[in-house]
Amino acid sequence: MAGESTTAAGIHFALGGHASQIDVPWRTPTMELDELRSLTREKLQRGELPRDKCQVTWFGPGVGLPCALCGRTVTPLEIECECEQSTGATLRFHQPCFAVWDEERRPLD
Ligand SMILES: [Zn+2]
């Protein structure tokens, strides 16, 4: 195959050894959006997630607790959304998980 032995002539890499920090401003951390949506619907149907809207919503860095939707830890590198319900319960989500739940919990009509 041609091109396998390319020496990248003319391409200059400006990596100074700090290539591990990649700016991805908004990405689903763990699952595809479609997967999250169907998981949300299942959980709503089984009553594992409420349909009530949040009384108070907080956004901040994760504190290492699991997400109410996908079940994975929200790490301090991710944005956690804390949702206080009228029942006094607190739900924690990844920011994208919260967005999906917030969308899916609304009744369709
Ligand atoms: Zn999540």
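Let's start with the sheet. Three strands make it up, in the order β1-β2-β3, and the sheet is open with antiparallel pairing. β1, residues 56-61, and β3 stand at the edges. Each of them has a single partner strand, so one side of each is left without a neighbour in the sheet. On average, neighbouring strands are turned by 20° against each other, direction ignored. Keep in mind that this is a predicted model.

Now the helix on the sheet. Helix α2, residues 95-104, packs there and touches β1, β2 and β3. The direction of α2 makes about 115° with that of β3.

Next, the pairings. Take β1 and β2. They run antiparallel, and 6 bridges join them. Look at Trp58 in the model: Glu82 in β2 stands opposite.

Then β2 and β3. β2 covers residues 79-84, and 5 bridges join this strand to β3, again antiparallel. Two of the bridge pairs can be picked out by residue. Glu84 has Thr90 of β3 as its bridge partner. Glu80 has His94, also in β3. Between the two strands of this hairpin there are 5 residues. Gly88 in the hairpin takes a positive phi near 95°.

A general point, before we go on. Side chains in a regular strand alternate between the two faces of the sheet.

So, the two edge strands: are they enclosed or in the open? For β3, residues 90-94, 4 of the 5 residues are buried, so this strand is largely enclosed by the rest of the structure. For β1, the number buried is 0 out of 6 residues, so β1 lies largely in the open. Buried here means that 20 or more other C-beta atoms lie within 10 Å of the residue's own.

On to the core. How many residues are in the largest nonpolar core? It has 16. The residues with the most contacts inside that core are Cys67, Leu69, Phe93, Cys97 and Trp101. Which elements supply at least two residues each? They are α1, residues 33-45, along with β2, β3 and α2. α2 gives the largest share, 4 residues.

Last, one residue to click on: Leu69. Set aside its neighbours within four places in sequence. Leu69 is then in contact with Leu36, Leu39, Thr40, Lys43 and Leu49. Its contacts also include Phe93, Cys97 and Trp101. Those three are again among the residues with the most contacts inside the core.

That's the tour. Questions, please.

Notes:
Residues are numbered from 1 along each chain as its sequence is written. This is a predicted model: local features need pLDDT of at least 70, side-chain atom pairs count only at pLDDT 80 or more; totals for chains, interfaces and linings use all residues. A residue is buried if 20 or more other C-beta atoms lie within 10 Å of its own, exposed if 12 or fewer, and partly exposed in between; C-beta atoms are placed from the backbone. Two strands pair if DSSP finds at least two bridges between them. Axes are lines fitted to C-alpha atoms, for helices over the stretch in contact, and angles run from 0 to 180 degrees between N-to-C directions. Two residues are in contact if their C-beta atoms, placed from the backbone, lie within 7 Å. A nonpolar core is a set of buried Ala, Val, Leu, Ile, Met, Phe, Trp, Tyr and Cys residues joined through C-beta atoms within 7 Å.
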